[in-house]
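Okay, thanks for coming, everyone. I'd like to walk you through one part of this model, so let me put it up on the screen.

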Amino acid sequence: MSFGRRKFLISGGATTLALSLATLSSQRKAAARGRWGALIEDPDGILDLPEGFSYSILETEGDPMDDGYVVPERPDGMACFEGPDDTIILMRNHENGISGGPYTGDQTPPPEAYDPGGEGGVTRVVMDANTFERISSNLVLVGSIRNCAGGPSPWGWLSCEETVEINEGIRHGYTFVCPIDAETVQAPQIVEGYGRYNHEAVAIDPSNNYAYLTEDRADSALYRFVPDAMAEPFVGTLQALKVVGQDEFQTSGMSVGDVLDIEWVDIDEPDPDEDTVRDEAHGKGAAYIVRGEGIWFFEGQVYIASTSGGPIFGGQIFRLIDGDSPTLELVVQSEDFNVLDGPDNITVAPWGELFIAEDGDGEQYIRWVTEQGEVCDFARNALSDSEFAGVCFSPDGRALFVNIQEQGLTLVVTGPFGEGGSGEEDTGDETADGGMTEDEGTSGDESGTDGGDGSEDEIGDDTTGDGTGDAGADDSSSDEGCGCAADETSNQGMMAAAAVFGAVAVKTALTDESEEPEA
């Protein structure tokens, strides 16, 4: 059966996929689901969107913030929280190493910096909840390195380092708690229990404070942190996902609709001196994930992106359901780079549809997946071939936020998302430190930190333009369906993933212990 170039070729899995994604909308149906139409070329050359949608530039790298610092380069993972007095708060990572930070002129690292030599960190943008206009912004965390993604939580934004560097005795590779009400830079709050490895993202189940974490390595594992008690959420046990009855299972070989029984194995050394957490995990039979990155929790389910998994190494998306009989299911898989190329950050809209930010080759898109399993284009980066990062929604679902990383742009997109049909319900717990609701989900409940791949701190050219864009009349032909535009075939990550996949297969076949393949 062929679904055409706008759907995944999912032999035998269409019904399962539709049912799986239909559960996303079990409590709220989308008024605007289905077809938004073809993308309209942006006259300013920044962001192509469907007709009826528009964007504005919220901030650009180098812009002055209200605390005397400037917006750092390389914006990455984000989440949006409810704030006081009719405001919303956007927490934003910056994936910098030893340059590109918030300093200008003769500024030096503040005493709160985790590592004076690190220039990664987190910033905070406060907006009017009705107009989405910027009110203020400030630095919250600095001195970390390569803050890639993270996730919302009952304690604020969780920011993850995608590195295991040790800089003059200062260890990196941790997750940091960043309060959303912080109006000044804060002292670092490290969660050592979540482990020290090449973190990508994290998702929290607010019903039990379990954390699910991803790791951006070609031979990564998928982790879960189980607190000893609800009142002490950061004291407990780190574990890795294992397929029942199958040691070192290769998730990249799954087919859409496959559902596997899983269990969890304990990690004895979550904070090692070397990058060995995944080695211990696989030594105990944990499954392999090819570059675990984006993760999002929605209504008791966790959706996880494997950026380079699948038959063409174009990416996979899994659904994890934990509990008494936990399972892992493959619900989306790229078999055509024109349809999906390197899913990275993901989010579930408040009305229940999955949105995906790409980090592939060539043109970059934000895709969305309907309940029927149709993969559609929502936006195209018309400015550069930079990845999209940090895709997330406002708590009421009326605005989507996203970064164009290399140019340092943070954008807000508005339009007929849910036709007023979203944002009414609260599916998570409110925080004690800022009134956060997790209406659009949290990155938690089941394992899932979406790990980066270790890119460098290079920044693209700054953009020019008036900072706003509006999709005009549709002057392009529209296919029957969602209007996704075909792209050039990409093979990003294919060779590396293929090499790792083959190496791991050989390793598994041997009886002696050999060295783990490197990402």
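**Around Val 412**

Let's start with Val 412: setting aside neighbours within four places in sequence, it is in contact (heavy atoms within 4.5 Å) with Ser 54, Tyr 55, Ser 56, Phe 132, Ala 399, Leu 400 and Phe 401. Quick housekeeping: this is a predicted model, where local features need pLDDT of at least 70 and side-chain atom pairs count only at pLDDT 80 or more, while totals for chains, interfaces and linings use all residues. Residues are numbered from 1 along each chain as its sequence is written, and side-chain values use heavy atoms, with hydrogens and water left out.

So, is Val 412 buried or exposed? Buried, at a relative accessible area of 3%; the cut-off for buried is under 20% with a 1.4 Å probe, protein chains only. Val 412 sits in strand S29, and strands here are DSSP runs of E, at least two residues, numbered from the N terminus. Its C-alpha is 6.7 Å from that of Val 402, ten residues away along the chain.

Now the partner strand. S28 and S29 pair antiparallel over six bridges; pairing takes at least two DSSP bridges between the strands. Asn 403 stands opposite Thr 410 in S29. The two strands make a hairpin with four residues between them, and Gly 408 has a positive phi near 70°.

On the other side of the story, S27 and S28 also run antiparallel, joined by four bridges, with Phe 388 opposite Ile 404. That hairpin has five residues between its strands, and Gly 397 in the turn has a positive phi of about 75°.

How many residues of S28 are buried? Six of its six. Ala 399, Phe 401 and Asn 403 point one way, and Leu 400, Val 402 and Ile 404 point the other. That's the general pattern: in a regular strand the side chains alternate between the two faces of the sheet.

Zooming out, there's the largest nonpolar core, with 25 residues. By nonpolar core I mean buried Ala, Val, Leu, Ile, Met, Phe, Trp, Tyr and Cys residues joined through side-chain atoms within 4.5 Å. Leu 47, Phe 355, Phe 378, Leu 400, Val 413 and Phe 417 touch the most other members. Among the elements giving two or more residues to this core are S27, S28 and S29. Apart from this core lies another, of 23 residues, including Ala 149 and Phe 318.

How values were computed. Buried < 20%, exposed > 50% of the residue type's maximum accessible area, 1.4 Å probe, protein only.
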